[in-house]
Amino acid sequence: MKEFMVFVPRSVDEALEFLDTEKGSVILAGGSDLVVKLKERKLTPKYVVDISHIDELRFIKEDGDYIVLGPLMTHEELRLSPFIMEFAPILHEALSQLGSPQIRNIGTIGGNIVTASPVADSVPPLFVLDATLKLQKKSGKRVVHISEFGIGPQKTIIERNELLTEIKFKKMGAHEVGFFRKLGQRKALSIAKVSVAMWAMVKNDTIEDISIALGAVAPKVVYAKNGMSTLKGKPITPENIKEAANVIAERDCSPITDIRSTVDYRRAMTSSLFIDGCERVFGVSVEV
Amino acid sequence: MSAWAVGKRTPRIDSIGKVTGKAIYADDIKLPGMLYGKVVRTKYPHAKILNIDISEAKRVKGVEAVLTAKDIPGVNRVGVAITKDQPIIADDKVRYMGDALAIIAAHDLRTAQFAASLIKVEYEVLPVIEDPEEALFEASVKIHDKGNLICHHKVRKGNIDAGFSEADIIVERKFETQMVEHSYIEPESAIAEPLDDGGVRVFGCMQNIYTSRRILAQVLNLPMNKVVCVQTTMGGSFGGKDDAMNILACRVALLALATGKPVKITYTRDESMIDSYKRHPYKMYYRVGLKNDGTITAAEIKIYANGGAYASMSEFVTWRSVVHATGPYRIPNVSTDIYAAYTNLNYTGAMRGFGSPQIALAYETLMDECAEKLGIHPYEIRKKNLLRTGDTTATGQVLDGKVSLNEVVDAVCEASDFINKYTEYKNNRARPGIRKRGIGLACSYRGVSLGAEGVDYGTCFLKLEEDGTLIISIGITDMGQGARTVQAQFAAEILGLTLDRISVLDINTSRAPDSGPTVASRGTLISGNAITNAAQKIRRNLELACEQLIGKTSSGFIFENNMIINPENGRAVSIKDAAAKAIKMRLPIHAEGFYPAPQTSWDEATGQGLAYFTYVYGANVAEVEVDMETGKVNVLKVWASHEVGKAVNPEGVEGQIYGGIAMGLGLGILEEFEFKNGVPQTTNFDEYLIPTSMDIPEIECRIVENPDPIGPFGAKSIGEPTNELAAPAILNAIFNATGKRISETPANLEVVLLGHKLKR
């Protein structure tokens with residue numbers, strides 16, 4: 001009894017050609033998520049396209065003011081990359097809290113994005129870093145913003161014949177700070193009950209620009225738009241941070257109750273994590 | 001006696017095979033022509049079975065057998081304690097999601113899985129009961145014909161009304177503990193092979209292979225000498241591979257006998273979680289009276305244990321609870337009732353601690369609450385009430401052996417600076433700050449071995465070979481706790497052998513006689529006494545040989561380092577030569593060892609009696625840091641002290657302490673096997689959270705040795721007492737840090753922050 005066939009392309013072109021002609025394919029990069037779904041028969045594909053041997057998708061490079069990543073980079077490779085540590089410390093912080101060494105060694109950044117879980121640890125940092133994704137198919141390519149990519153739990157705009165081939169974001173520079181905070185029940189192998197990423201451009205103790213993204217509080221990772229507009233252009237004060245935290249909890253979260261937590265707790269914790277992160281990067285103390 | 005092997009830090013004799021990957025686990029076994037089995041389970045937790053149609057499944061190419069309850073030649077109601085109520089394959093109804101409706105054997109697993117999808121079942125769905133108190137309501141649907149009460153035990157001592165009227169304060173509290181999975185790393189696996197004589201041989205990770213054999217014989221309608229059970233290397237058990245493995249053994253054996261071919265079934269993690277029994281959730285109502293000086297005058301306790309779908313060990317688990325429910329304290333007036341009831345959740349049975357971790361959570365956190373209410377330090381209130389040598393327990397037993405509670409409590413309090421830190425952290429509660437520290441103490445006493453719940457003896461066979469090596473055959477099994485190593489140490493001690501000269505055989509029911517189950521932390525005491533008995537017999541014959549070889553001595557020969565020495569003349573001979581001489585003298589160098597445990601007694605009507613023949617004592621202190629904004633508890637360090645009689649292998653004792661605390665931490669703050677209308681929700685380790693290595697704190701051990709006259713070389717036990725103290729110590733530490741009393745487990749983020757679980 002054959003359940004599915006495995007196709008192992010050696011190049012992006014070979015993969016795109018196959019995806020273009022054969023319907024019913026799923027893509028395997030690291031497999032940390034896909035293999036579980038196959039085992040549980042939540043997915044019953046005709047083909048598994050194993051892209052893990054396409055070396056051209058495994059890279060990290062500088063491109064002027066930007067960092068460009070291949071989707072096959074594992075979480076651990078990126079976590080240990082000096083580029084990421086220097087130019088995207090928010091992503092480094094998130095990857096350090098992702099899964100366990102075993103999962104970080106096999107899971108890929110591309111897989112984390114395409115799986116489109118609202119709890120994916122690498123996605124909120126990519127939101128606040130304003131990342132773009134290159135999606136390629138046989139007949140062409142398009143570039144989309146990370147915030148447009150996911151549309152719901154395990155749902156994205158990627159077409160069945162498209163492959164994520166590049167992730168690109170601007171290097172963080174002087175005056176730019178940020179954090180990633182995650183709340184889980186244990187110290188490793190913990191799926192976030194809530195996560196918060198923030199990036200800000202700070203000059204003269206004023207927040208010139210800010211981006212905040214939330215994980216696990218909506219069907220997908222979302223921007224905390226109300227929180228962002230509350231703080232943009234404002235001086236860094238405990239009062240302003242506290243106000244933004246309240247706005248985020250009340251207006252930017254739409255959490256659900258599931259096995260990992262409850263609505264009220266998630267809402268309260270989003271605010272708490274945000275304050276905790278701000279206290280550290282801004283060096284202020286917020287009374288709660 | 002000089003300590004040559006007993007008491008030495010000894011690496012496990014089976015560790016090399018495990019760490020090099022050479023150890024053979026059940027799922028590693030492949031027999032020629034072997035088929036793969038699959039269990040077809042119910043879609044509903046509680047339903048009558050109206051019809052099962054297996055015709056389509058049977059027609060699938062590659063399927064060799066599809067069996068239902070009708071195909072069972074013997075009994076189809078089994079159990080490990082008193083009540084036999086669990087079917088190997090369900091017949092009239094299903095009572096929890098793990099119940100099997102059919103079993104399939106096919107050439108490969110996928111074919112078996114495909115055939116399983118073709119089985120059609122008609123059900124009449126029945127209401128689901130999840131709560132044991134509700135199960136006992138008159139109007140509740142009956143899960144078993146006899147009703148939903150599995151058992152009721154009680155203890156009555158003194159006069160409860162008089163006790164409460166003497167009290168200055170009365171403290172009442174309700175406690176609830178959760179359902180916990182054993183989380184052994186190796187899921188259940190067994191292979192059955194038909195034998196030429198019409199019998200069957202089953203290889204697998206059965207914890208108690210003699211129980212498995214008894215049940216196999218009944219289910220297969222075979223005599224016991226035609227059923228052979230062989231225990232494979234076990235990847236953990238923690239009490240969890242008893243019933244579930246006995247039933248799996250029956251399932252593979254039924255398929256093997258039906259097809260005439262070997263059949264293997266290995267559960268996936270999800271199947272294991274859904275099928276296997278768990279730790280009983282307890283609902284406990286405690287009421288305690290105390291005088292202003294902290295003296296306890298009375299305790300009234302009512303407990304409802306969630307037995308799940310089948311009786312399993314409920315009768316014995318709750319009995320251990322009723323004996324120990326008042327904790328290690330001197331209480332003149334006691335009334336305790338415990339009821340176990342059927343529900344439609346996973347059945348609950350033996351798990352490390354066996355009914356003691358639940359009650360320890362109640363009495364130890366309640367003791368701190370009483371101390372707080374009376375303005376007494378938790379250390380002082382314990383010192384005032386702890387049982388001492390010569391005191392009488394709640395069941396009327398006079399503790400004439402040495403009671404070491406004060407020693408273990410002082411050991412952990414000193415090592416952790418508990419007394420000062422508790423006061424400091426308590427004063428710190430009102431000060432500002434997001435992260436608060438806390439420290440908590442918990443202690444217990446625990447009856448060793450089966451006690452009045454069972455017949456207790458051990459037996460073994462020792463065979464010295466002519467080259468001076470030794471083979472031990474014994475029915476007390478090693479499931480990772482280090483039994484083989486201590487067994488070898490006992491023989492080594494008496495016969496002067498080095499451990500590399502000693503083999504402990506794999507266990508096969510047809511070779512070694514039954515020594516009862518390897519449970520209740522009885523392994524070291526029971527097997528040690530049996531081995532000592534056999535080794536002494538061999539030693540006596542070697543001494544007779546030595547008298548001829550190296551001369552007589554009135555001060556006794558010294559057996560050490562594979563040599564026998566006459567201390568009077570300094571002459572020495574190797575054990576090999578002594579063995580050869582004994583053989584020439586026609587003296588046996590093999591021996592049977594037997595050890596009958598001392599008698600115990602119990603009066604079911606009054607709940608009074610000599611519950612256990614000896615006790616062990618332990619204490620833990622846990623220090624935590626609580627994030628007051630998220631409710632996150634970071635366990636910083638745990639100090640543990642246990643009185644074990646004699647530490648045969650101190651390294652093994654420490655290993656047990658580390659593991660027991662890790663499991664206790666899981667019970668206290670992480671783990672919960674959850675259901676929605678009787679359907680398990682946490683069937684794998686992504687949602688069922690056990691501690692990772694990152695979550696386990698530094699642990700400091702203080703082993704206390706007060707040799708027990710009953711134990712071999714004074715040794716008692718350590719396996720289970722280590723698992724009942726970390727959780728209450730952590731909960732007490734959380735209270736010390738936050739001032740919030742937690743009376744339900746796990747104390748997860750929501751519970752710590754809000755004081756209760758949120759309705760999901």
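How are α10(B) and α18(B) oriented to each other, roughly parallel or roughly antiparallel? Keep in mind as you look that this is a predicted model. The axes of these two chain B helices cross at roughly 30°, and angles under 35 degrees count as roughly parallel; α10(B) and α18(B) are therefore roughly parallel to each other.

**Two helix pairs**

Here is that pair beside one from chain A.

| Helices | Axes come within | Crossing angle | Handedness |
|---|---|---|---|
| α10 (residues 356–374) and α18 (residues 726–738) of chain B | 8 Å | roughly 30° | right-handed |
| α11 (residues 238–252) and α12 (residues 263–282) of chain A | 8 Å | roughly 150° | right-handed |

In chain B, the crossing of α10(B) and α18(B) is right-handed. On the α10(B) side, the residues making the contact include B:Pro357, B:Leu361 and B:Asp368, while α18(B) brings B:Ala727, B:Pro728, B:Leu731, B:Asn732 and B:Phe735. Sorted by class, this contact has seven nonpolar, two polar and two charged residues.

Turning to chain A, the axes of α11(A) and α12(A) cross at roughly 150°, and angles over 145 degrees count as roughly antiparallel. These two helices are therefore roughly antiparallel to each other. Among the residues that α11(A) gives to the contact are A:Ile241, A:Ala245 and A:Ile248; α12(A) contributes residues including A:Arg267, A:Phe274 and A:Cys278. By class, the contact of α11(A) with α12(A) has eight nonpolar, three polar and two charged residues.

**The nonpolar cores**

If you would like to explore the interior next, the largest nonpolar core has 254 residues. Those with the most contacts inside this core are B:Ile104, B:Val252, B:Ala253, B:Ala491, B:Ile730 and B:Ile734. Helix α7 (residues 243–259) of chain B supplies the largest share of the core, 12 residues. A second, separate core of 83 residues includes A:Leu19, A:Leu78, A:Leu183 and A:Ile248. You have already met A:Ile248 in the contact between α11(A) and α12(A).

B:Val252 is a handy residue to click on. Leaving aside residues up to four places away in sequence, B:Val252 touches B:Gly37, B:Ala190, B:Ile191, B:Ala192, B:Val202, B:Val263, B:Lys264 and B:Ile265.

**Where the chains meet**

The contact between the chains takes 20 residues from chain B and 17 residues from chain A. On the chain B side, the elements that give two or more residues are α3 (109–116) and α19 (749–754). The largest share there, three residues, comes from α3(B). By class, the side of chain B that touches chain A has seven nonpolar, five polar and eight charged residues.

Technical notes:
Residues numbered from 1 in each chain as written. Chains lettered and ligands numbered in written order. Predicted model: local features only at pLDDT ≥ 70, side-chain atom pairs only at ≥ 80, totals over all residues. Axes fitted to C-alpha atoms, helices over the stretch in contact; angles between N-to-C directions. Helix = DSSP H or I, 4+ residues; strand = E, 2+ residues; numbered from the N terminus. Parallel < 35°, antiparallel > 145°, perpendicular 65-115°, else oblique. Left-handed = near helix turned anticlockwise from the far one by under 90°. Contact = placed C-beta atoms within 7 Å. Nonpolar A, V, L, I, M, F, W, Y, C, P; charged D, E, K, R; others polar. Core = buried A, V, L, I, M, F, W, Y, C linked by C-beta atoms within 7 Å. Buried ≥ 20, exposed ≤ 12 C-beta atoms within 10 Å, placed from the backbone.
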